[in-house]
Amino acid sequence: MEITSEAMKRCELVTVSGRIDSYTAPDLEKALLGLIQAGQKQIVVNLRDATFISSAGLKALLSALMKVRKSIPSGDVAISEIRPELKESFELVGFDRLFKFYDHDTQAVGSF
């Protein structure tokens, strides 16, 4: 798994590629919580090049979402360019109601 981060005007764009499984999910969670600890409250996670996401990966994203929503002022985590087969994982556990999904990074970044 590879994680890259790019500071945008209104948010941080985090691009994740490869498998997000129980081995790599802690790295994703560490990266996202590191951004939040540094003061970033608006995060877009691009999953275009992610090939798999396990429950551990979903937990990492949920952990970041809960952290920014509890902060003052509250923030949000949006998901962009997710593959349909990965979105099914979100839908199976009901996370499609927690996260906002966007077809393109520009829409997700513009939502903040």
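The largest nonpolar core of this predicted model has 26 residues, and those with the most contacts inside it are Val45, Leu47, Leu61 and Phe90. The elements that contribute two or more residues to this core are β2, α1, β3, α2, β4 (76-80) and α3 (84-92). Of these, α2 gives the most, with six residues.

Val45 illustrates how this core is assembled. Leaving aside neighbours within four places in sequence, Val45 is in contact with Val14, Val16, Leu32, Leu61, Val77, Ala78, Ile79 and Ser80. Apart from the largest core lies another one, of six residues, among them Cys11, Leu13, Val44 and Ala78.

**The strand β4**

Strand β4 is largely enclosed by the rest of the structure, because five of its five residues are buried. Its two faces are both covered: Asp76, Ala78 and Ser80 are buried on one side, and Val77 and Ile79 are buried on the other.

The pairings of β4 with β3 and with β5 (residues 100-102) are set out below.

| Strand pair | Bridges | Direction | A bridge pair |
|---|---|---|---|
| β3 and β4 | five bridges | parallel | Val44 and Ala78 |
| β4 and β5 (residues 100-102) | three bridges | parallel | Ser80 and Tyr102 |

The connections between these strands pass through helices. From β3 the chain crosses through α2 to β4, and this β-α-β crossover is right-handed. From β4 it continues through α3 to β5, in a β-α-β crossover that is also right-handed.

**The helix α1**

Helix α1 (residues 25-37) has 13 residues, which at 1.5 Å a residue should span 18 Å; the end C-alpha atoms are 18 Å apart, in agreement with that expectation. Its buried residues are Ala25, Leu28, Glu29, Leu32, Leu35 and Ile36. These residues lie on the same side of α1, because they cover an arc of only 130 degrees around the axis. The face turned away from this buried side carries the exposed residues Lys30 and Gln37.

The buried residues of α1 pack against three strands and a helix, namely β1 (2-7), β2 (12-20), β3 (42-53) and α2 (55-70). One contact of this kind was named above: Leu32, a buried residue of α1, is in contact with Val45. After α1 comes Gly39, whose phi is positive, near 110 degrees.

How values were computed
Residues numbered from 1 in each chain as written. Predicted model: local features only at pLDDT ≥ 70, side-chain atom pairs only at ≥ 80, totals over all residues. Heavy atoms only, no water. Helix = DSSP H or I, 4+ residues; strand = E, 2+ residues; numbered from the N terminus. Expected span 1.5 Å × (residues − 1). Buried < 20%, exposed > 50% of the residue type's maximum accessible area, 1.4 Å probe, protein only. Arc of directions from axis to C-beta. Contact = heavy atoms within 4.5 Å. Core = buried A, V, L, I, M, F, W, Y, C linked by side-chain atoms within 4.5 Å. Pairing = 2+ DSSP bridges. Right-handed = clockwise from strand over helix to strand, strands pointing away.
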